[in-house]
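Subject: Structure handover

Hello,

Here is the structure we talked about passing on. The notes on what was found in it come after it.

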Amino acid sequence: MSLDLDKRQRAMLREMGVRLWQPPAPAAAPAPAPVAMNNIAVDARTERAEPRFDAEVAPARGAPAAPALRLVPAQAPVSRPAPGLQPRPAGVERMDWPALQAAVAGCRACALCEGRKNTVFGIGPAAADGAAPQVDWLIVGEAPGENEDLAGEPFVGPAGKLLDNMLLAIGLQRGHVGDAPRAGLSTSVFITNVLKCRPPANRNPDPAEVAQCEPYLKRQVELLQPKMILALGKFAAQSLLQDSVPELHKIPLGKLRGQVFRYLGVPVVVSYHPAYLLRSLGDKAKAWDDLCLAMSVAPTVAHSV
Ligand code: URA
């Protein structure tokens, strides 16, 4: 089927989830294979991959006329995936806790899987067989760093020590399976990140990586049903609030503080990332204000001060 589409028609098709396919360029000038990551096509040449629907159909200036285009369904791979990469496991939105843990542990949906030592699903108290832990608090950070990648546990480095101290200050203790809570403390807290794998050299998460990982976080929230989510730092805030706050990317983190948002109906309070607080000691008082706000909105959540 041959198509001659203008810009508006292409935009409409994109909106409808219809992807335009174009045969690869002739062998003399081979184009690098895009990696199909569910609905996002990502250029394998760059780590900072961006969606590139238009790049698939727009010929370079001065290039020979494009061959006939044909329609393929949005789910069809545009090309062979890069060696070793696979789509995210299907049905994340219906998984129970053990299935979700297994899906994350085996995930090869973005290039971060190539360099990781461990996936970092999150840490919380023991749970009944097949169930998610019962927790009042969910803490969401950005991504595992080197220490977390080695340990398979979030926030175990210096930023994690600070986080543990912040939690202790409100009567919460990081739970490990088999750990009894210390006197006066509650382990009703689950700690996780937006990304479950470490970005190399601790670079920022890439938008395509965040998009691939987000369904895992969403399912964690659905299964944990926390009473309060504390979003630590820009990436956690953006991931959780992108559907509810217009022009979110233009709003500095500091301006998101002091308000209560909702994610899947759960109250969300935004605060500074502990790694930032290690460098900006003056803002620790503000982080304490954020914890107090979170406690005041959900007065029944486990804590003691
Ligand atoms: N920073 C994060 O955001 N998460 C971790 O697990 C460690 C450091």
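Which residues does I139 touch, not counting residues up to four places away in sequence? In this predicted model, I139 is in contact with L163, L167, V189, F190, I191, T192, L230 and L232.

I139 also appears in the largest nonpolar core, which has 65 residues. W137, I139, I229 and L240 are the residues with the most contacts inside that core. The most any helix gives to this core is six residues, from α7 (residues 207-224).

The strands around I139 are as follows. Strand β5 (residues 137-141) pairs with β6 in the parallel sense, over five bridges. Opposite T192 in β6 stands V140. Strand β6 spans residues 189-193, and five of its five residues are buried. Its two faces are both covered, with V189, I191 and N193 on one side and F190 and T192 on the other.

For pocket work, there are some values for the second largest pocket. Its volume is about 670 Å³. Its lining consists of 25 residues, and E142, A143, A159, H273 and A275 lie nearest the centre. By class, the lining has eleven nonpolar, eight polar and six charged residues. Helices α5 (146-151), α6 (158-169) and α10 (274-279) each supply at least two lining residues. The largest share, four residues, comes from α10.

Regards

Key
Residues are numbered from 1 along each chain as its sequence is written. This is a predicted model: local features need pLDDT of at least 70, side-chain atom pairs count only at pLDDT 80 or more; totals for chains, interfaces and linings use all residues. Side-chain values use heavy atoms; hydrogens and water are left out. On a 1 Å grid over the protein atoms alone, a cavity is a set of points where a 1.4 Å probe fits but cannot get out, and a pocket is an open set with protein on both sides within 12 Å along at least five of seven lines; lining residues have an atom within 4 Å of a point. Grid points are joined across faces, edges and corners, and a volume is the space filled by probe spheres set on the points. Ala, Val, Leu, Ile, Met, Phe, Trp, Tyr, Cys and Pro count as nonpolar, Asp, Glu, Lys and Arg as charged, and the others, Gly among them, as polar. A nonpolar core is a set of buried Ala, Val, Leu, Ile, Met, Phe, Trp, Tyr and Cys residues joined through side-chain atoms within 4.5 Å. Buried means under 20% relative accessible area, exposed over 50%, partly exposed in between (1.4 Å probe, protein chains only). Contact means heavy atoms within 4.5 Å. Two strands pair if DSSP finds at least two bridges between them.
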